[in-house]
Every structure is written in C-alpha cells, then in structure tokens.
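Work through the exercises below with the sequence and the coordinates open. Each task is followed by a solution in steps.

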Amino acid sequence: MNQGRKDGRGEMRGLSRRGLLQALGIGAATAALLPYGLSVGSRSASAGPVQIPKRILFIYGMGSIRSFYPPVGVGGAPASENSWALGPLHTPLIGMEKKLVITNGLDMAVNTVTQPDAGNAHIQGGTEALTAAKRSNSSLSSGASIDQWIAQRLNAPTPVTKIPSLELSAGCDGGDAEGGPHYIAGGQVISAERNPNVAFNRVFGGFSNPGQTPAEIAAAQAALDQKKSVLENAAREFSSVAPKLAQEDRTKLEAHASAIRDLEARLALRASSACTPPDAKYQSDLKMFTTPGKHAVSDFDLDARLVTSAFSCDLTRVATIHLPSHYDLESTIGYTGGMFGTTDTHDLTHKTNDANAALWNDAAAMAIVKKIHLAQAQMFRRVLDLLDGIPEADGTTLLDNTAVLWCGQIAEGGHALTELPWILAGGAGGAFRTGRYLKFDRPNDRGPSHNDLFVSLANAVGVATNSFGEASVCTGPLRGL
Amino acid sequence: MNLAKRLAPLVVTCAAAGCVGTLGGGESPETTPGTTNASLLAVPVARLTTAQYQRTLRALFPKVTLPAVDLPREVTVGGFVNNSRSQAPSPALIEQLLANATAVATAALVDPTKVLPCKASTAAEETSCGHAFVEDLGRRAFRRPLASDEIARFDGQFDAARTAYGFPVALRMTIETLLQTPQFLYLTELGQRQSDGRFALTSYELASRLSYFLWNSMPDDALLAAAGSGELATPVGIEKQARRLLADPQARDAVATFQEQWLRIDHIDDLSRSATSFPAWNDATSPAALRASTAAYADYLFWDRGTLAAYLTDSNGFVSNETSAFFGVPSTSGTAKLLPLDPAQRSGILTYPGLMAAFAHSLDDAPVQRGVFVLDRLLCAPTPPPPPGVNQATPPQGATPKTTRERIAQTHEQGTCAGCHKIIDGIGFGFSHYDATGAWRNTDSGQPVDATGSLVGTDVDGPFDGAVALGQKLAQSKQVQSCVSTQWLRYSLGLAPNEINKTMVDPVTDTFRQKGLDVRELVVAVVKSDAFRYRVRNP
C-alpha cells in the first residue's frame with residue numbers, strides 16, 4: 001500500500017499552487033507580487049528585530065574513497081586549513097568552498113566500546129552514525145539520534161514548528177540494514193519516508209484555509225477545536241490506562257501520550273511570514289515518483305526542494321535526507337551488472353576501495369565508481385544551492401543560517417568507521433567559520449569522536465550541551481571547529 | 001532492494017577476532033551464557049503492526065468501504081517487523097493516526113445506518129443511540145466490554161460533542177477518539193497477579209493475543225464470547241479456540257506473514273541478474289514470479305505437509321512458465337503448478353530457487369549469505385559481522401577461471417577470519433550447485449562444482465556433500481527444532497533475539513517433538529505455553 005493511494009496520506013496530491021498558497025494563508029495575488037510574501041503566520045506579527053531561526057540538515061549516505069577524499073594543495077603546497085582545493089570526488093562543489101568545512105579524521109569512536117555485535121557490518125555503522133551511542137542488542141542503538149535529540153530540544157517546552165523534524169529517503173536506503181539511523185530514544189527507531197508525495201503532504205497538507213466570512217472562520221475554528229478535543233480525549237485514555245501497567249508498558253504508553261499532546265500543540269502552528277512554498281514545477285514533478293529507487297535522483301531533488309521550502313516557511317528546523325545508494329544510481333552512472341567482472345555496484349565499490357583492491361588499476365572501473373561519488377556530490381551541491389537561493393530578512397541566506405552535515409553510515413568501502421569523510425556546510429548563523437579544511441591529528445591512530453562534532457552542532461543551533469551519546473568517548477565541543 | 005543483497009560476501013584481510021570456533025552471536029537461547037533462564041523477560045506491550053491495524057479497521061466496519069490507510073514504514077529487528085521494544089511513537093506516526101482516524105470515521109459515517117446499532121430520529125434517541133454506539137464499537141475496538149469508567153468518559157465526551165456540534169459530528173469524534181486510544185492501538189495487558197509473581201493474562205487479553213497471532217486481526221464475536229464465558233481460562237479452552245482460528249481462512253495470511261519474514265521471502269525483491277550469463281532471467285518478471293512461487297511453497301509446506309522435515313527435505317515446487325528454467329523442469333503454461341522436482345537436486349526451502357537467487361549477486365552465488373541464512377534463521381546461531389575496515393569484495397576471475405568457492409576460500413582461511421568463516425562457509429559452500437538464479441549447475445565457470453561442506457558447532461556436526469545432504473542432517477538436528485520454536489515464539493510475542501530464553505522455548509520445543517515435529521502443532525504449543533499466557537512485570 002505504498003504508492004498511489006487515495007487516503008489520508010495522499011489527500012494533498014493535485015492541490016493547486018493557488019490552493020496551497022491559500023491554505024498557507026498567502027493570497028495568490030500577493031504571493032505573485034511578493035515571492036517571499038507576507039502570510040498570516042502566527043509568528044509573523046512580533047515586533048522588534050527579526051530572529052532568524054537556525055536549522056540543521058543531515059545528508060546521510062555511505063562513505064568515500066580515502067585516497068580521493070581529502071582536499072588537495074594549492075600552488076604546490078600541501079593542503080592547509082585555509083589554503084586548499086576540492087579533491088577529485090568533490091568537483092561539483094567548486095565555487096562553494098567558502099561555505100564548507102571539510103573535516104578529515106573524525107571517528108565513530110563509540111564503535112571501540114560498544115557491545116554486542118551488530119547483525120552485520122552495515123547495522124554497525126547504522127546504529128552509531130547519528131546516535132554516537134552503544135548498541136542495546138544486535139539491531140538497535142541505546143541512544144537517541146542527534147537529529148531527533150536536537151528537534152526535541154528545539155521544540156521544548158512547547159513546539160515551535162509544525163513538524164519537529166523531517167526524515168526523507170531518496171531511494172532504498174542502500175545498506176541501511178534493519179532499523180536505520182534515526183532514534184527518538186534508545187531502541188526507538190523511526191523510518192525515513194521514501195514517498196515524496198507523503199512527505200509533501202505531511203509538511204504542506206493539513207492547513208485549512210482560515211476563510212474570509214465569519215461563518216468560514218467559525219467553521220475553521222470548530223474543525224481545529226474538534227481535532228484538539230479528540231486528541232485530548234485520546235491522550236486522557238493513555239493517562240487512565242498507563243498507571244495500571246508495568247513499568248515497561250507505562251514508559252511506552254507515556255511516550256505515546258506525550259507525542260499526542262505535542263501534536264495537539266502543533267496543530268495551530270503555521271508557516272512563517274517569510275515563506276517560499278514549493279512551486280508549481282515541484283508539484284508536477286511529484287508525479288514522477290513511482291516506487292522507491294526507480295527515480296532516485298529526481299526523488300532526491302524533490303526531497304531537497306521540500307526541505308528548503310519547509311525551512312524557509314519555518315515548518316521545521318531539523319531534517320535529514322538519505323542520499324540514493326550506489327544501487328539506486330546504477331542507471332545514472334551507466335553501470336550494468338557484469339561490468340569489469342563485478343556482480344553489482346556493491347561489489348564494484350569494494351573492489352575499488354583502496355590500492356589493494358582488485359580494480360584499483362582499472363581506469364574504466366575507477367571512472368565509473370567515481371561517478372557514484374560525483375553524482376552524490378552533485379546532489380549535495382544542489383541542496384546547498386537551493387538553501388543559498390533563499391534570502392533571509394537580514395540579507396544572509398538560508399544556507400548561512402543552516403548547519404548542513406554530509407555524513408554517512410560507513411567511512412569507506414571496507415566498512416571502516418574511522419577517518420569519516422564528513423563535510424560541513426553553511427554557517428548556522430555564524431556558529432562556525434567556514435571555508436576551512438579541518439584535518440585532525442590522530443595520535444595512536446585515533447581521531448576526535450563524532451560525539452564531539454554532534455556537541456558542536458547542537459550548540460551551533462542553540463541547544464546547549466557538553467556531551468552527546470556515549471559519554472566515555474565524548475570530550476565536549478569539537479576542538480578546532 | 002534487500003539487505004541480503006548488500007551483505008558483503010567476502011573477507012580479504014582480517015583485523016580482529018570474531019568467532020573462535022564456537023557458534024553464536026551472543027543472543028541465541030541455546031548458547032547464551034549468563035542470561036536469566038529462570039523466568040519470562042519483561043518487555044513492553046505490543047502496538048498493532050501496520051497490517052494488524054489495517055485489518056482491524058476493516059473488521060470494525062465490515063459494511064463500509066474504507067479508504068486505504070497506511071502508517072510510517074515499520075523497522076525490522078532480528079528479522080521481524082513486530083518487535084515491541086523498538087516501536088516508537090514518532091511524530092509522523094501520531095500525525096498519521098489522527099489523519100487515518102478522520103478518514104476512516106468520515107467514510108464510516110457516509111451512511112450511519114451501516115455502523116449504528118440503533119435508530120436516532122429524536123434528540124432523546126440521539127443520546128441513547130450514541131451511548132449504545134459507544135458500547136458497541138468500544139467493545140469491538142477494545143476487544144473486551146468497556147469498563148464502567150470508560151463508558152462514563154466516552155458517553156460524556158459524546159454528549160458534550162453532540163451539544164456543541166450536533167449528532168453526526170459527535171459520532172465522528174467518537175470514532176476518531178476510540179481509534180487513537182491505547183486500548184485500541186496496543187495490546188494493553190494488565191493480567192492477574194499469581195502467587196509466583198507472574199501475571200496471568202485475562203481471558204480477553206488472551207483472546208487478543210490469539211487473534212493477532214493467528215489472524216493478524218481482531219477477535220471475532222465467537223472468540224470474544226469464549227473469553228467472556230471463561231473458556232480461555234484453561235489450556236484446553238485455548239487450544240480449542242486456536243484450532244478454530246487456524247481452520248479459518250484468515251489464518252493463512254497470518255501464517256504467510258510470519259513465514260515471509262522468518263524465511264526471508266521478503267528478500268526476493270528487485271533482484272537484477274546479468275542478461276548474458278542468465279538468458280532465462282528477466283529482471284521485470286522473474287523476481288516477482290519467484291517470490292510468488294516461494295510464498296506459495298511456504299504455504300504448502302505449512303498447510304499441506306506440516307512437518308519440519310518437509311521444510312528441509314521435500315522436493316516439490318510451484319512452477320510456472322516464468323520460473324521453470326530455474327527449477328530445471330519443462331516449461332508449463334498457465335498458473336504455477338505444484339510439480340515434483342529432482343530429489344537429488346532439491347531439498348525443501350533450503351534449495352528453493354527464490355531463496356537461492358535472493359542470496360546471490362548479479363553474476364555469482366553468495367555462499368556467505370546462504371550460510372548466514374541457515375545459521376540465523378534455522379540454527380539461531382548468527383555469526384558476528386566482520387570487523388570494520390575489512391575489504392569484503394569477492395576476488396575477481398583471473399586468467400584461469402575459478403569457481404566462486406575457489407575464489408573466496410583462500411582469503412577466508414586467513415588469520416582470524418577463519419574462525420567464523422569455517423562455520424559460515426562450511427554451510428554456504430554446500431549450496432555451490434545453485435547459481436545466481438537458483439538453477440542447478442554441475443559446473444561453475446567451467447570448473448566442476450565442489451559442494452562438499454561441513455557443519456561446525458552444531459549438534460549435527462560433520463561433513464556432507466551438497467545441500468540435499470545438508471537438509472538431511474538439519475532434519476535430524478535438535479538445534480533446528482529448538483530454533484524453529486524460538487522463531488515462532490519470538491514472532492508471536494514481538495521479541496528481539498535477546499529477549500527470549502530457554503525457559504520460554506524449551507517447553508514449546510518439547511511439545512513440538514512429542515507431536516512429531518508438526519509445525520501446526522508447534523503453533524498450538526506456542527499459544528498454550530507459559531510464555532504466551534503469562535507476563536512478568538518490573539514494579
């Protein structure tokens with residue numbers, strides 16, 4: 001029941017741009033004159049200096065090829081913090097250097113202390129990449145993931161955005177194995193949405209036109225009141241049942257009840273005054289989606305445009321987009337099974353992983369595998385361009401107020417979880433200096449933990465903390481960032 | 001795309017110790033040292049799975065055509081999507097439950113006479129009928145009669161909504177509310193405390209467990225009546241109802257749902273094969289045909305054969321024109337037919353082409369995936385993954401063509417890799433006669449196939465030649481019997497591999513053996529077991 005349904009998850013399909021703008025409270029005529037025009041957003045009327053929210057976006061994929069990942073030097077000198085050029089897998093990012101921080105040398109250090117064994121090598125990284133916490137069994141992490149952890153704190157004590165966070169996936173989560181990387185709490189996995197129509201509906205659906213006449217306004221208010229009343233009554237049942245239950249049950253049901261009350265508070269939240277909703281082209285492009293993985297590149301583009309709009313309208317401040325995997329990109333890069341004697345792109349990436357790999361000296365094979373990384377870099381560039389194309393009230397851009405992290409489940413084709421090829425972009429409102437290459441010292445072959453990076457990211461978007469995830473490998477904010 | 005496809009098949013260099021000649025990823029009930037075997041483990045109440053939720057909605061409003069509703073994609077833990085501990089109340093789920101409740105309530109009330117147990121033409125009738133509706137829908141949605149405090153709350157809410165918004169809206173809000181309560185969405189189980197500290201499930205709680213396990217849907221009136229009459233208070237009464245449910249067509253879907261996950265039939269998905277190497281294969285049609293054939297075969301094994309031995313040694317298959325090449329029989333027109341296959345080549349689910357193809361790559365078979373399948377799903381002894389940083393690519397063909405086995409054997413025997421790979425490959429190499437489409441072959445890359453293998457660390461250790469011989473050995477294994485019990489019991493209770501222990505499994509396995517290893521009797525043994533009928537709770 002995944003596609004093409006006519007149900008609660010698809011009701012916004014086919015909604016006209018005019019209808020969308022009206023539902024958002026943005027008059028079509030006004031919006032035409034003022035592309036970032038005024039809306040009736042509840043947070044638009046406050047006087048005083050504009051507070052531009054900080055957002056955080058995770059672009060989640062796999063790993064890189066170590067030999068080609070680092071930036072190269074300029075003018076014969078080795079790459080240094082402030083003098084470097086993008087490496088061969090990142091040429092699509094040329095021109096964006098001033099808004100990037102290329103890190104080199106971070107580790108998923110939690111992997112050195114976690115138990116028990118993961119079900120397979122991809123579950124290993126999948127349970128650790130965003131949680132930076134130990135596993136509680138072979139499939140599950142024991143901690144919340146950084147995206148959810150930040151979203152929960154940005155929206156406490158009361159929600160500030162309609163959607164706490166968006167988790168989108170273009171393609172099939174290649175290698176994500178069992179649960180995937182997103183945890184609302186230890187053991188509590190949530191899946192990323194693969195259908196862009198469902199995602200669009202979640203963000204921009206559900207707004208009712210506030211109406212013009214007194215009767216319309218009253219009807220809209222009644223509909224909202226009824227929803228709130230239903231949710232309140234349902235939440236009350238949780239309060240009535242939970243105390244009679246055992247501790248494990250209580251915890252589970254109380255979390256559900258709290259999520260209902262949270263939704264109750266989110267129902268009235270609307271788009272901000274500065275809002276660039278998806279355009280007509282986006283809505284027609286939505287029709288291109290068929291099944292996950294079939295059109296992964298255009299699915300990613302839809303996801304990127306949706307996140308940009310959601311950020312611009314302040315409908316969420318936290319998002320993750322899963323990059324299409326190498327499987328999903330086979331037709332894009334011109335790979336077919338059997339090329340170079342490889343069974344599939346999975347096999348190909350392993351065989352081109354390092355200088356000891358079988359196809360390292362096969363120029364044609366290396367050219368194809370590089371195309372995977374270049375295609376992903378191109379998608380990362382697209383996200384940055386979209387964000388950079390939205391001006392904010394103070395003359396900066398949406399990208400300048402966003403922390404974007406290109407991260408992944410493994411570091412390289414041998415499933416290593418050290419020397420992560422993670423790239424930061426955007427300034428998070430000046431929280432960190434961009435335009436730099438941050439190569440970390442690795443005494444005893446150990447680099448800073450990615451826990452430390454997550455501490456810095458949380459702080460950058462306004463969530464104060466000194467620790468995240470597994471405490472024994474976390475030292476505080478990432479030094480040098 | 002499936003997970004199996006991306007489990008890397010090979011280790012070239014190893015950096016750390018994994019298995020040291022013994023089986024087990026630390027979570028098998030047979031091999032776990034130090035876990036408490038004294039009692040049940042406390043796990044949280046289960047939420048309805050998406051399939052259970054969808055079926056229950058349809059059963060609640062049998063006269064109404066409901067819109068299709070969905071929930072966010074479920075996550076898999078230890079092979080099953082119903083792990084109760086990992087079920088998270090994500091914001092997206094809560095939003096979707098609200099949207100679904102509204103959509104269902106709106107559709108149900110297009111013609112209220114199809115859902116109301118009474119007429120309501122006057123104001124007084126609206127109140128009394130509304131209250132009757134609360135009790136009627138509530139009893140079925142909660143799968144037990146409402147408690148008096150529940151009746152008072154829902155009646156009060158109905159009255160308030162009717163006063164504020166009128167009768168139709170009050171009906172809608174009643175449905176919307178009930179569909180978002182914990183009593184509906186969860187198997188809320190209070191139980192009754194016993195002298196030994198365990199909690200016996202009440203009859204209604206048992207009725208729900210039975211029905212969601214055997215039907216994947218809510219109890220019917222007869223089951224609720226049995227609960228109300230106290231019939232489910234004894235194992236004999238439970239057995240009677242279980243056999244009734246199993247005889248109902250609804251049980252077929254429920255069993256299929258389990259077998260699809262247990263036997264990884266859900267991994268026969270979107271497979272792509274080299275057109276030059278496998279001319280009989282069609283990316284567009286072969287995977288779906290093989291999946292349908294495998295699912296039909298799993299149904300056949302359970303319903304028409306029923307013994308564990310048949311799963312491991314039978315030599316029939318559901319063959320259609322699309323799949324005949326993979327079974328090695330002449331093509332057949334029309335729908336898939338059950339045909340006898342060569343018993344020297346086929347051995348039940350083990351060698352079934354759909355699964356053999358699922359555990360393979362576009363060119364080559366994947367001995368590691370096939371070995372891991374047997375270890376994880378049939379022996380409950382998963383091996384740990386290779387340490388990070390290990391290059392797992394299959395060595396390519398060199399100047400002299402080599403079989404898959406020859407190409408990977410050498411690297412797997414190196415250093416600390418050997419510990420696990422002796423176990424994994426010892427099984428996996430036994431499948432060398434099956435190519436990447438599941439078809440039988442006598443040569444691989446022009447070389448004669450060597451399908452000798454050996455079982456290591458099991459109760460049926462020793463050498464064998466080929467998967468048919470492997471099937472014979474596994475059919476004698478007490479570890480396999482215990483593992484199959486474990487998988488059924490885990491699924492029935494939504495448990496992760498580390499949430500089950502010998503005390504829970506052993507009595508079920510004993511009955512399974514006493515009943516001649518009939519899997520249908522195993523299912524009955526599951527529902528009569530203490531693990532199914534009792535809970536423990538932390539204070």
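**Exercise 1.** State which strands of chain A helix α4 (residues 146–154) lies across, and give its angle to β6(A).

Solution. In this predicted model, α4 of chain A crosses β1, β3 and β6 of chain A. Its direction makes an angle of about 160° with β6(A).

**Exercise 2.** Describe how β6(A) is joined to β1(A) and to β3(A).

Solution.
- Step 1: β1 (residues 55–61) and β6 (residues 318–322) of chain A run parallel and are joined by five bridges. A:I56 has A:V318 of β6(A) as its bridge partner.
- Step 2: β3(A) and β6(A) also run parallel, with four bridges between them. Here A:L166 is paired with A:A319 of β6(A).
- Step 3: In general, strands of a sheet pair through backbone hydrogen bonds, in parallel or antiparallel fashion.

**Exercise 3.** Place these strands in their sheet and find the edges.

Solution.
- Step 1: The sheet in chain A is open, has seven strands in the order β3-β6-β1-β7-β8-β2-β9, and shows mixed pairing.
- Step 2: The edge strands are β3 (166–169) and β9 (436–439) of chain A; each has a single partner strand, so one side of each lacks a neighbour in the sheet.
- Step 3: From one strand to the next, the twist averages 15°.

**Exercise 4.** Are the two faces of β3(A) covered or open?

Solution.
- Step 1: Side chains in a regular strand alternate between the two faces of the sheet.
- Step 2: In β3(A), A:L166 and A:L168 lie on one side, and A:E167 and A:S169 on the other.
- Step 3: All four of these residues are buried, and both faces of β3(A) are covered.

**Exercise 5.** Locate the cis peptide bond at A:P157, then compare the settings of A:D314 and A:N444.

Solution.
- Step 1: The bond between A:A156 and A:P157 is cis, with omega about 0°. A:P157 sits in the loop between α4 and β3 of chain A.
- Step 2: A:D314 is not a glycine, yet its phi is positive, about 55°. A:D314 belongs to the loop between α9 (296–312) and β6 of chain A. Its relative accessibility is 6%, so A:D314 counts as buried, the cut-off being under 20%.
- Step 3: A:N444 is likewise not a glycine and has a positive phi of about 55°. A:N444 is in the loop between β9 and α13 (450–460) of chain A. With a relative accessible area of 75%, A:N444 is exposed.

**Exercise 6.** Determine the extent of helix α6 (residues 167–178) of chain B and what its buried residues pack against.

Solution.
- Step 1: This helix has 12 residues and spans 17 Å from first C-alpha to last, close to the expected 16 Å.
- Step 2: Of the 12 residues of α6(B), 10 are buried, so the helix is largely enclosed by the rest of the structure. Among them are B:F167, B:L171, B:I175 and B:L178.
- Step 3: The buried residues pack against α6 (214–241) of chain A and, within chain B, against α3 (91–108), α4 (123–142), α5 (148–165) and α7 (182–185).

**Exercise 7.** Decide which stretches of chain B should not be read in detail.

Solution.
- Step 1: Chain B has a mean pLDDT of 89, and 91% of its residues reach 70 or more.
- Step 2: Over residues 1–18 of chain B pLDDT stays under 50, as it does over residues 20–38.
- Step 3: Predicted coordinates should not be read in detail where pLDDT is low.

How values were computed. Residues numbered from 1 in each chain as written. Chains lettered and ligands numbered in written order. Predicted model: local features only at pLDDT ≥ 70, side-chain atom pairs only at ≥ 80, totals over all residues. Heavy atoms only, no water. Expected span 1.5 Å × (residues − 1). Buried < 20%, exposed > 50% of the residue type's maximum accessible area, 1.4 Å probe, protein only. Contact = heavy atoms within 4.5 Å. Pairing = 2+ DSSP bridges. Axes fitted to C-alpha atoms, helices over the stretch in contact; angles between N-to-C directions. pLDDT = per-residue confidence, 0-100.
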